[in-house]
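The following exercises are to be worked with the sequence and the three-dimensional model at hand. Each task is followed by a solution in steps.

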Amino acid sequence: MFTGIVQGVAEILAIEEKEAFRTHVIRMPTAQWGEGLQIGASVAHNGCCLTVTRIEGEAVSFDLMRETLRLTNLGLLGVGDRVNVERAARFGDEIGGHAMSGHIMATARVSEVQDSPNNRQVWFELAPELMRYVLTKGYIGIDGISLTIGEVRDQGFCVNLIPETLARTNLGWVTPGWQANIEIDPQTQAIVDTVERVLAARQ
């Protein structure tokens, strides 16, 4: 489980390509993220839960299979790009964001970025079948960041970002066209699906 409180961004040092398969090697300084890190541990990359497969000093490897490459933005990244990183939550940790599984449902395209002093508003376009789970003031996971939905319109929604989020995550530099990983809040999904089933049964 993850909390959506991104701990920082990590640089991709190397990518090993195979058929429908990738290995990403990222820099995880021990003092910042690597303390106690072991092979088999879970680390979220842009919100996608990945497993540590190799540790060589600060260079940590993760395997990406076909489904991960299909559903997420990780297959679009190259050497030198950076990913939002969060270590898995431990029992007793403070949940500063909202509970997240690290299972990406889809990507959403950045359609507009509005900057003003000390603020940034980013608009996203999302597939219609997922927009029914996007509610004003509800939770959503965007590239692993727990965020509150600011406004919903047509097939899009926006989030409003404070300087701390901009400094700590990739949303400080995304531009229109960027494909962001999306994890819908599971509680919102369960409520919406339940209400839809009840209403359909009454018809």
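**Exercise 1. The cavity**

How much space lies in the largest cavity?

*Solution.* The model is a predicted one. A search of the whole structure returns one cavity of 30 Å³ or more. The space in the largest cavity amounts to about 30 Å³. Its lining is made up of Phe2, Ala44, Gly47, Glu86, Met100, Ser101, Gly102, Gly144 and Glu183.

**Exercise 2. The barrel**

Determine the order in which the strands of the closed barrel follow one another, and trace the pairings that involve S1, S2, S3, S4 and S5.

*Solution.*

Step 1. The six strands of the closed barrel are arranged in the order S1-S2-S5-S4-S3-S6, and their pairing is antiparallel. From one strand to the next, the twist averages 45 degrees.

Step 2. Begin with S1 (residues 8-18) and S2 (residues 21-27), antiparallel strands joined by six bridges. Two positions illustrate the register: lysine 18 is opposite phenylalanine 21 of S2, and alanine 14 has valine 25 of S2 as its bridge partner. The hairpin of S1 and S2 has two residues between the strands, and alanine 20 there adopts a positive phi near 55 degrees.

Step 3. Continue from S2 to S5 (residues 59-64), where six bridges again connect antiparallel strands. Here arginine 22 is bridged to leucine 64 of S5.

Step 4. From S5, proceed to S4, which pairs with S5 in the antiparallel sense through four bridges. Valine 52 faces phenylalanine 62 of S5 across this pairing. S4 and S5 also form a hairpin with two residues between the strands, in which glycine 57 has a positive phi near 65 degrees.

Step 5. Finally, S4 (residues 48-56) is paired with S3 (residues 42-45) by four antiparallel bridges. Alanine 44 lies opposite cysteine 49 of S4. Two residues separate S3 and S4 in their hairpin, and asparagine 46 in the turn shows a positive phi of about 50 degrees.

**Exercise 3. The setting of S2**

Is S2 largely enclosed by the rest of the structure or largely open?

*Solution.* A residue counts as buried under 20% relative accessible area. Five of the seven residues of S2 are buried, and S2 is therefore largely enclosed by the rest of the structure.

**Exercise 4. Cysteines**

How many disulfides does the structure hold, and why does cysteine 49 lack a bond to the closest cysteine sulfur?

*Solution.*

Step 1. The structure contains zero disulfides.

Step 2. The criterion is a pair of cysteine sulfur atoms within 2.5 Å. For cysteine 49, the closest cysteine sulfur belongs to cysteine 48 and is 7.1 Å away, so the separation is too far for a bond.

Step 3. Consider the surroundings of two cysteines. Cysteine 49 is partly exposed, because its relative accessibility is 27%. Cysteine 158 is buried, because its relative accessibility is 1%.

**Exercise 5. Two aspartates with positive phi**

Locate aspartate 143 and aspartate 154, and state whether each is buried or exposed.

*Solution.*

Step 1. Most residues other than glycine have a negative phi. Aspartate 143, which is not a glycine, nevertheless has a positive phi of about 50 degrees. Aspartate 154, likewise not a glycine, has a positive phi of about 45 degrees.

Step 2. Aspartate 143 occupies the loop between S9 (139-142) and S10 (145-153). Its relative accessibility is 0%, so aspartate 143 counts as buried.

Step 3. Aspartate 154 occupies the loop between S10 and S11 (156-161). Its relative accessible area is 73%, so aspartate 154 is exposed.

**Exercise 6. Methionine 105 and the annotated repeats**

Where is methionine 105 placed, and which residues does UniProt list for the repeat?

*Solution.*

Step 1. Methionine 105 is in the loop between S6 (82-87) and S7 (106-116). With a relative accessibility of 29%, methionine 105 counts as partly exposed.

Step 2. Methionine 105 and leucine 71 are 34 residues apart along the chain, and their C-alpha atoms are separated by 6.8 Å.

Step 3. An unreviewed UniProt entry lists "repeat: Lumazine-binding" for residues 1-98 and 99-195. The span 99-195 is 21% helix and 44% strand, and its end C-alpha atoms lie 22 Å apart.

Note on methods
Residues are numbered from 1 along each chain as its sequence is written. This is a predicted model: local features need pLDDT of at least 70, side-chain atom pairs count only at pLDDT 80 or more; totals for chains, interfaces and linings use all residues. Side-chain values use heavy atoms; hydrogens and water are left out. Two strands pair if DSSP finds at least two bridges between them. Axes are lines fitted to C-alpha atoms, for helices over the stretch in contact, and angles run from 0 to 180 degrees between N-to-C directions. UniProt positions are given in the numbering used here, feature names are shortened, and annotations may be inferred rather than shown by experiment. Buried means under 20% relative accessible area, exposed over 50%, partly exposed in between (1.4 Å probe, protein chains only). On a 1 Å grid over the protein atoms alone, a cavity is a set of points where a 1.4 Å probe fits but cannot get out, and a pocket is an open set with protein on both sides within 12 Å along at least five of seven lines; lining residues have an atom within 4 Å of a point. Grid points are joined across faces, edges and corners, and a volume is the space filled by probe spheres set on the points.
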